[in-house]
Amino acid sequence: MNRRWRQLLTVFTLLASVAIAQTQAAPQRAANASPDVTVPSLSQALAPFFPVGAAVTPDDTAGPHAELLKRHFGSVVAENDMKWARIHPGEEKYDFTRADKIVAFARDNHLLVRGHTLLWHKQNPSWLFKDANGNDLQPTPENKALVLSRLEKHIRTVAAHYRDDVYAWDVVNEVIDPSEPDGMRRTPWFLLTGTDYLDTAFRVAREVAPKAKLYINDYDTTDPVKRQYLFNLVRDLKRRGVPVDGVGHQMHINIDCPSVADFVETVNMFAQLGVDQQVTELDMSVYHTGADAYTVAHPEALAKQAERYRELFDALRQLKGKITAVTFWGIADDHTWLAHFPKNRDDWPLLFDAHAQPKAAFWGIVDSRRLTPKNAGGVAGQ
Ligand code: XIL
């Protein structure tokens, strides 16, 4: 390369990094952004391996996010709108409005729908674990029967409502706590019913939505202690004939950990149980710890993110047959739960930027030849 070309390239690289830093400085929702329709489709690129999905809100059914969904995703999951507090706010009151909007959009655009989640210890309505006088339910045989019947009614109603739409349910979410001697999270579900809530949840879900795949979903499934508890639980449930079809790995990861090798080891471990597996909530924070907070995305962090997404998806492609879907926890960086978790700070965890444009992370997955080595997360050859 002669000098003039080198100079030009340096200027180009600098401009590109400035442009990228600017576009990713303020992850506000860009109502007028229009996705680039010349780039390849993420879901088509991965179609030979598994469907790719995104967590959505009803607002995502119009505007740039809707365009991204139609072009790049083959599946959706409600980020919050099928959770108990939203969908079943009063004991006799169900509200399907928001979730129905998402499902209608999916139907119109031939997207699969995952259901999330029939049971959790968070985002529950206040009546759920209270008696008629508003007092917390104490662990008695009567109260055990009461919460199990509430659970059964909930699943009968919600899973039946989406019987023709939801192909996979996160039946239970985050039930493992590796700090407990038996690995079971001390939620009201557990404290009031022991592990019977698991049997009820899966059996009723199977009965009312017989075609749906039924998942147990959790985070940190690469942690050796946690995954052993989860493994033992799934093994025991299956032995008892409880209809668990799959294990969901949330995969809220960051640019450092867990290692892709640990994830592969986890998937191979659960494959021994003969269960389906999905990545259910993928995103990749640019932070290493809860302490940092940037106001602009560091170019090095975005480059590292792209490289790690590349490595992860290379592994996922190789796990073909063991992983049956991958779902991102969001569409673009202008809307991510990580803006509020573990604290309020900007984050850039997804494949599209706040202007609905593909980031280096996108190219890491779709066509890594278009990543420039070690530059500002920039992309070559467009
Ligand atoms: C999160 C949503 O993204 C937020 O909007 C909400 O405030 C809290 O829940 N694990 C899960 C998801 O299973 O349901 C969570 O979703 C993220 C962590």
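**A first look at the model and its ligand**

At 44% relative accessibility, Asp-220 counts as partly exposed, because that value is neither under 20%, the cut-off for buried, nor over 50%, the cut-off for exposed. That is one small detail of a predicted model, and there's plenty more to look at. The ligand sits in the largest pocket, with 13 residues around it. Beyond the ligand, a few spots in the backbone and a few single residues deserve a quick visit.

**The ligand and its surroundings**

- If you want to find your way around, start with the residues closest to the ligand, which are Glu-79, Lys-83, His-116, Asn-173 and Glu-281.
- The shell around the ligand is a mix: three of its residues are nonpolar, six are polar and four are charged.
- Lys-83 makes a polar contact here, with an N or O atom of its side chain 2.7 Å from an oxygen atom of the ligand.
- Asn-173 also points a polar side-chain atom at a ligand oxygen, and the distance there is 2.9 Å.
- With Glu-174, the partner is a nitrogen atom of the ligand, which lies 3.3 Å from a polar side-chain atom of that residue.
- How much of the ligand does the protein cover? On its own the ligand has 420 Å² of accessible area, and the protein covers 78% of that.

**Cis peptide bonds**

- Have a look at the step from His-116 to Thr-117, where the peptide bond is cis and omega is near 0°.
- Thr-117 belongs to strand S3, which covers residues 112-119, while His-116 has already turned up among the residues closest to the ligand.
- Another cis bond links Cys-257 to Pro-258, again with omega near 0°.
- Pro-258 is in a loop, the one that runs between strand S7 (252-254) and helix H10 (260-271).

**Positive phi without a glycine**

- Asp-220 isn't a glycine, yet it has a positive phi of about 55°.
- You'll find Asp-220 in the loop between strand S5 (213-218) and helix H9 (224-239).
- Ala-356 isn't a glycine either, and its phi is positive too, at about 70°.
- Where does Ala-356 sit? Its place is in the loop that joins strand S9 (323-328) to helix H12 (360-366).
- Is Ala-356 buried or exposed? It counts as buried, because its relative accessibility is 2% and the cut-off is under 20%.

**Two histidines to compare**

- His-88 is in the loop between helix H4 (84-87) and helix H5 (97-108).
- At 2% relative accessibility, His-88 counts as buried, and its side chain reaches the backbone oxygen of Glu-91 at 3.1 Å.
- His-252, on the other hand, lies in strand S7 and is partly exposed, with a relative accessible area of 25%.

**Far apart in sequence, but how far in space?**

- His-252 and Met-284 are 32 residues apart along the chain, and their C-alpha atoms are 6.2 Å apart in space.
- Glu-152, which is part of helix H6 (residues 141-161), is 53 residues from Ala-205 in sequence, with 8.6 Å from C-alpha to C-alpha.
- Glu-152 is partly exposed, because its relative accessible area of 30% falls between the 20% and 50% cut-offs.

Conventions: Residues numbered from 1 in each chain as written. Predicted model: local features only at pLDDT ≥ 70, side-chain atom pairs only at ≥ 80, totals over all residues. Heavy atoms only, no water. Near = heavy atom within 4 Å. Polar contact = N/O pair within 3.5 Å; in protein donor to acceptor, adjacent residues only side chain to side chain. Areas by Shrake-Rupley, 256 points an atom, 1.4 Å probe, with all protein chains shown as cover. 1 Å grid on protein atoms, 1.4 Å probe; cavity = no way out; pocket = protein on both sides within 12 Å on 5 of 7 lines; lining within 4 Å. Sits in = over half its atoms within 2 Å of the grid points. Nonpolar A, V, L, I, M, F, W, Y, C, P; charged D, E, K, R; others polar. Helix = DSSP H or I, 4+ residues; strand = E, 2+ residues; numbered from the N terminus. Buried < 20%, exposed > 50% of the residue type's maximum accessible area, 1.4 Å probe, protein only.
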